[in-house]
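Let's take a walk through this structure together, one region at a time. Have the viewer open and follow along.

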2 protein chains.
Amino acid sequence: MLDALFRPRSVAVIGASTRRLTIGYQIIQNLLEFGFTGTIYPVNPKAPAIRSIHAHPSILDVPDEVDLAHIIVKNTMVPDIIAECGTKGVKVAIVNTSGFSEVGGEGIALEQEIVRVARANRVRLFGPNCQGIINTDPEIRAYCNFTFTRPTEGSISVIAQSGGVAEVINNRLYELGAGLRMYASNGNACDVSIPEIIAYWGDDPGTRVIVCHVESLSDPAEFLRVASMVARRKPVLGLKTGRTRAGARAVSSHTGGLMKEDTTTEIIFREAGVVSFSDQASMCEAAYALASQPAPAGRRVGVMTNAGGPGIISTDEIIGAGCEIPELGEATQAALRAVLFDEAIVTNPVDVLATGTPEQFGATVRMLLEDDGLDAVLVNFITPFFVDCKGVAREIVAAAPGAAKPVVVVVMTRKESWTRTLRILREGGVPVFDLPEQGARALGAMVRDRTLRDRPHDRPAEPSISGGTAAAAIIDRTLARGRTYLPQVRAYELLEAYGLRTPKAAEAGDLEECLEAATAIGYPVVLKVERDDVVHKSDSGGIVLGLGDEDALSRAWTEMRTRFQQPDTRFLVAASIDHDGPEVMMGAKREAGLGHVVAFGLGGVFVEVLGDVAFGIAPLSESQARDLITGVKGFPLLSGARGRAAVDISRLADALCRLGRLVTDNPRITELDLNPVFAFPAGRDPIVVDARIRVSGD
Amino acid sequence: MLDALFRPRSVAVIGASTRRLTIGYQIIQNLLEFGFTGTIYPVNPKAPAIRSIHAHPSILDVPDEVDLAHIIVKNTMVPDIIAECGTKGVKVAIVNTSGFSEVGGEGIALEQEIVRVARANRVRLFGPNCQGIINTDPEIRAYCNFTFTRPTEGSISVIAQSGGVAEVINNRLYELGAGLRMYASNGNACDVSIPEIIAYWGDDPGTRVIVCHVESLSDPAEFLRVASMVARRKPVLGLKTGRTRAGARAVSSHTGGLMKEDTTTEIIFREAGVVSFSDQASMCEAAYALASQPAPAGRRVGVMTNAGGPGIISTDEIIGAGCEIPELGEATQAALRAVLFDEAIVTNPVDVLATGTPEQFGATVRMLLEDDGLDAVLVNFITPFFVDCKGVAREIVAAAPGAAKPVVVVVMTRKESWTRTLRILREGGVPVFDLPEQGARALGAMVRDRTLRDRPHDRPAEPSISGGTAAAAIIDRTLARGRTYLPQVRAYELLEAYGLRTPKAAEAGDLEECLEAATAIGYPVVLKVERDDVVHKSDSGGIVLGLGDEDALSRAWTEMRTRFQQPDTRFLVAASIDHDGPEVMMGAKREAGLGHVVAFGLGGVFVEVLGDVAFGIAPLSESQARDLITGVKGFPLLSGARGRAAVDISRLADALCRLGRLVTDNPRITELDLNPVFAFPAGRDPIVVDARIRVSGD
């Protein structure tokens, strides 16, 4: 379906204009300038021709089939024009006109109207309030876009909601010398969506790398589904913006409060296998390298340089980017020693010296590519006036292509003076950067991409039928009583239905009931106040631990009763859990359009002072759950740091999977905090000590 | 003295050559090409002239005074040539020749030899194994450097040890459109040092910003002294490289182990007020902005844009760089509303829309500059084809200069198509960047620079005469007995001599002595094993706490004695300290050439799992000590987070100052760990519970 958008045989421009510097003129100009291989049909009620092309008064007058129509008329006229497009059989309309949902108010209604008309008339819409598309495929050469920043032909496809960001990315790729395949900036995206375009490019053999910019995901679940599928086949790079806009949200749970504005996008990117970036330059540099080089099999980088300082900077950045600079094998070192100058350094990074010859460059690149201990090669090259720099460039190009490992080249030079050297490298198909930092970051991104692609894709646990039935009944009952939080004993029951362990417990009102409950449970017990309006029980004196006998329990109850005098106050009596290992926090929060986000962190200061929390999307697979657990900074405390016993990570991961299943099966759970959860050494399941579960009928 | 180096009236080139692509030819070529205002004297035993300039067979034959001589002869001939330079009265020699300390072995001796000869002959040396210097001052135009990357004239001076890095910085500044004042790449730096050059540029009225790259500081104390002085007057930017080379060092103390390879440079930069960077591009961008713009008075940035997406990216990056994007005042909003289009956004970031006119740009820049709630302005400008972009550039330039606040402009465009627009901005004196991220980071660096300059410069505590006398006696006694660690009671005494509080304690051998000591101290007591070879006492059963009476102490002693059966084992009996607040760690480590680095962190997981430690250089002032305390991530735990009582920060800072004084007065202390130190609420001094102090006679 998107062929009509990206590979149109004919393009009508409705609202074409004879006046320069108007969108209706510029699009025709751009199509001509870029060498569009199809037919252009200007539509203008008065002008006989635009840019020497015969114009028609209406789309209905166009004599041939029209794949794609630009609509540039006044916003209120757009619905009628779309209807005409339908009559004509136009497949896709790019609505460049603005004045829709982005202006609010009546614009929102008008946008709903054009969607309705388009659906009724079987026209797909791109936009409104958008730039358009570009396809550099020589068979097509479609420049259906009003800004004109001529791209070079290549294999990177770019989609961005923001026209400004799309332009910046397009310009940046051009300046790097990276070629573009397709480009789409779809503004309000009322119909053709970003996931739809990503899926299309996933199937486009000419697209090697997809770059996307998202401001907000209108259908996060669909983005996740599509991007996951495509990212297994080719690199998908994503820019997150709007990271800091929000500040803290007013939420009642830890899990919600810990999630910042951008967290969801970040989680979706990671789960989908999208390599995420927070700045445009790094993303473009990574795309440039990925577009021409094979994926590295691992993270071991061989570095060569002809200047010491840049070699050190490369080392810093490569390690900072999560890669390694391993020692070279003895054979490689000996071979290097045989060809390089005596003073050259044959350990990693290899320094061929400023006087290094073209042959030495070529031999070094080849030897590093052949070393089994390396997965990628970074070449740092300053251009000394006394060296044959063009020769160096030719040797690098001769050594690199066809290799199964990526080669990235950094040329540190005055560009305007060494254009031929740079051109030899560029035309030789190696990515060329100005700064060691850029080359190293690009390699780091290639490794991240490969790691995401190679990670296990195990399936999450299946829905639990019996658990779901029990849970549904508990939630029904809670909602029926007009409550939004599950009473603690019900929360425990719900968790137990999913195989999560909780202490023996009972709810009680007066002292007599408490004492009865304690006898049934067995001393020592814990007494907790049971009120929805008490969020932090321990801060408000709503918990007393370690009550060893009836006397202790009686005293504790009496004291607590004076603190919480409301007649409807109830109490929880629960078994004391003997525990001296780490405490953890598990949580979940429902996110519109996505399902539930699951959170994991260590107890206490780690979560509350350091914000050290990892997130994933429910349901979780075993490996995803493990990633969350190992992903927190405090993980060493679970794995036996400081002489402590290591926690049973498998059982902790299993509990997280059960939690993920629980919320997925029960979408009426909006927020869930298990805090603390006691973790235990090998062979023992974690126990949920406090559970706060919020439900909603929606 | 460095005037002869940077402002020479005459330059001799000893080893001048008639052959192109040699250093001896290229330097003369570069001086001519750059329009050197002084006289060039080629020195060559055979050639009559080089590049049409009469050559002399020896420096001694030059008829006039020579300020500066390049030496490019074979390394072994350099000493004699330097001697001749001395005879001739040459003031400074740039030794471009390599083959000195950088190659090790005999090269080291040869370097020592040239230093000796130079001192004897009153010649200053620059290099050896170096590029040289550049001075763009129109009065001088000295290009005493063999690579040729023509700089534009400007106010940024660059010093780098690595020639490669110096070149990269030089090229980067050029590509940004930033002008250079002076440049120095002094290779092995055997005589004229980086601090000496920084001091010289501190006094150079043409230098507004100093950029330095250090691989290793040969005299860190001197660098600290000079950079501190200069950085109070003008921005000094520093690039740290070699951050990841080392990995862990084999050290016996926490403090040493926690300090990574680059920590010292980072600490020195911060203490000196040098704005530190880890990548070359960001440093050059910051220099570019600082060279033309006034310092911001605070961190509040007003952002304007004509495209939404880039506005969001700016917001992210500005906040990420530690700045704020405050709401605009009502008056500013109203004024903006009066001049901008209806759909424009008049909150911060202000969006004038893609259709924004030159007049609207100008008015918005002016209004943001006039808003008292803002300290700096960032302009984001995409160049729509339907807008008069040159007009926009002219309006920005007209609004910005002369303002007391910095203005940074980001132009997102296809550079080759909009050269005139870019030129108007550049020539108008505003810094112009390609990407919102760059502009935001540059503003962030300007704020960091201002913050460093504005921080309090209070003086550290004076030396303690009585404390020093007592400490010296304790250290003497320890060393006299052949020990390297102070016995705990001696360590306590030493700390007490500097006013640091410790528990009452006594050393004892057999049980009887222990019991006597405990009676004198008063129960409850703590029993600790006292052996230098037991580093982690608690892990090896070498500590028993809370011994309430003689029985308990006897049992503990007997058990411990079976664990540590060596006949020379001694014990410490110390008063139990009642404490339930936070524990902290204080430490110090002697660093060659610098004095002592002081470390501060929270106890336990913060230091050992998270590496959350702050460092400073002793002696510390009150404000420096406070910076260390507030600088750790776990600081909220000291200031009353999670419902705990806040710690007395003044007394903690006071203790850190005393510790800094103690190690400074006693340079024989090589490592010192106070861990744990118990911190208390307001009005109570911290108490050092365990002190490990290592001393050395060196």
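In which strand of chain A is Asn145(A) found? The residue sits in strand S9, which covers residues 142–145 of chain A. Before going further, please keep in mind that this is a predicted model. Asn145(A) has 0% relative accessibility and therefore counts as buried. Its side chain reaches the backbone nitrogen of Thr147(A) at 3.3 Å. If you set aside the neighbours within four places in sequence, the contacts of Asn145(A) include Ile27(A), Asn30(A), His70(A) and Tyr183(A). Gln131(A), Gly132(A), Ile133(A) and Ile134(A) are also in contact with Asn145(A).

Next, turn to helix H5 of chain A, residues 163–176. Its 14 residues reach 20 Å from the first C-alpha to the last, close to the 20 Å expected at 1.5 Å a residue. How many of the residues of H5(A) are buried? The count is 11 of the 14, so the helix is largely enclosed by the rest of the structure. Among them are nonpolar side chains such as Val165(A), Val168(A), Ile169(A) and Leu173(A), and the buried set also includes Glu167(A), Asn170(A), Asn171(A) and Arg172(A). Both ends of the helix deserve a look. At the start of H5(A), a side-chain oxygen of Ser162(A) comes to within 3.2 Å of the backbone nitrogen of Gly164(A). Just after H5(A), Gly177(A) takes a positive phi of about 90°.

Positive phi values also turn up in residues that are not glycine. Leu21(A) has a phi of about 60°, and its place is the loop between strand S1 (10–14) and helix H2 (23–34) of chain A. Ala189(A) has a positive phi near 50° and lies in the loop between strand S11 (180–185) and helix H6 (194–202) of chain A. With 23% relative accessibility, Ala189(A) counts as partly exposed.

While you are checking backbone geometry, look at two cis peptide bonds. One joins Tyr523(A) and Pro524(A), with omega about 0°. Pro524(A) belongs to the loop between helix H19 (511–521) and strand S21 (525–530) of chain A. Another cis peptide bond joins Asn675(B) and Pro676(B), with omega about 5°. Here the proline, Pro676(B), is placed in strand S27 (residues 669–678) of chain B.

Now for the charged side chains. Over all chains, the structure holds 73 salt bridges. One of them pairs Asp434(A) with Lys415(A), with the closest N and O atoms 3.0 Å apart. Asp434(A) lies in the loop between strand S19 (432–433) and helix H16 (436–454), and Lys415(A) in the loop between strand S18 (407–412) and helix H15 (419–427), so the pair ties together parts of chain A that are 19 residues apart in sequence. Lys415(A) is partly exposed, at 30% relative accessibility.

A salt bridge within a helix links Asp654(A) and Arg658(A), at 2.8 Å from N to O. These residues are 4 apart in helix H23 (residues 649–665) of chain A, so about one helical turn separates them. Asp654(A) is partly exposed at 30% relative accessibility, and Arg658(A) is partly exposed at 32%.

In chain B, Glu591(B) and Lys589(B) form a salt bridge, their closest N and O atoms being 3.1 Å apart. Glu591(B) is buried at 11%, and Lys589(B) is buried at 8%. Back in chain A, salt bridges with shared partners join Arg7(A), Asp137(A), Glu139(A), Arg181(A) and Asp204(A) into one network.

Finally, let's see where the chains meet. How many residues of chain A are in contact with chain B? There are 63, and they touch 64 residues of chain B. The area buried between the two chains is about 5000 Å², with carbon and sulfur atoms giving 62% of it. The interface has 4 salt bridges and 14 residue pairs in polar contact. Asp434(A) appears again here, forming a salt bridge with Arg172(B) at 3.7 Å between the closest N and O atoms. Several elements of chain A each supply at least two residues to the side that touches chain B, including H2, H5, H16 and strand S13 (236–240). By class, that side of chain A has 26 nonpolar, 18 polar and 19 charged residues.

Terms used. Residues are numbered from 1 along each chain as its sequence is written. Chains are lettered from A and ligands numbered from 1 in the order in which they are written. This is a predicted model: local features need pLDDT of at least 70, side-chain atom pairs count only at pLDDT 80 or more; totals for chains, interfaces and linings use all residues. Side-chain values use heavy atoms; hydrogens and water are left out. Buried means under 20% relative accessible area, exposed over 50%, partly exposed in between (1.4 Å probe, protein chains only). The expected span of a helix is 1.5 Å times one less than its number of residues. A polar contact is a pair of N or O atoms within 3.5 Å; within protein, one must be able to donate a hydrogen and the other to accept it, and residues adjacent in sequence count only if both atoms are side-chain atoms. Contact means heavy atoms within 4.5 Å. Buried area is the accessible area (1.4 Å probe) that two parts lose on being put together, summed over both.
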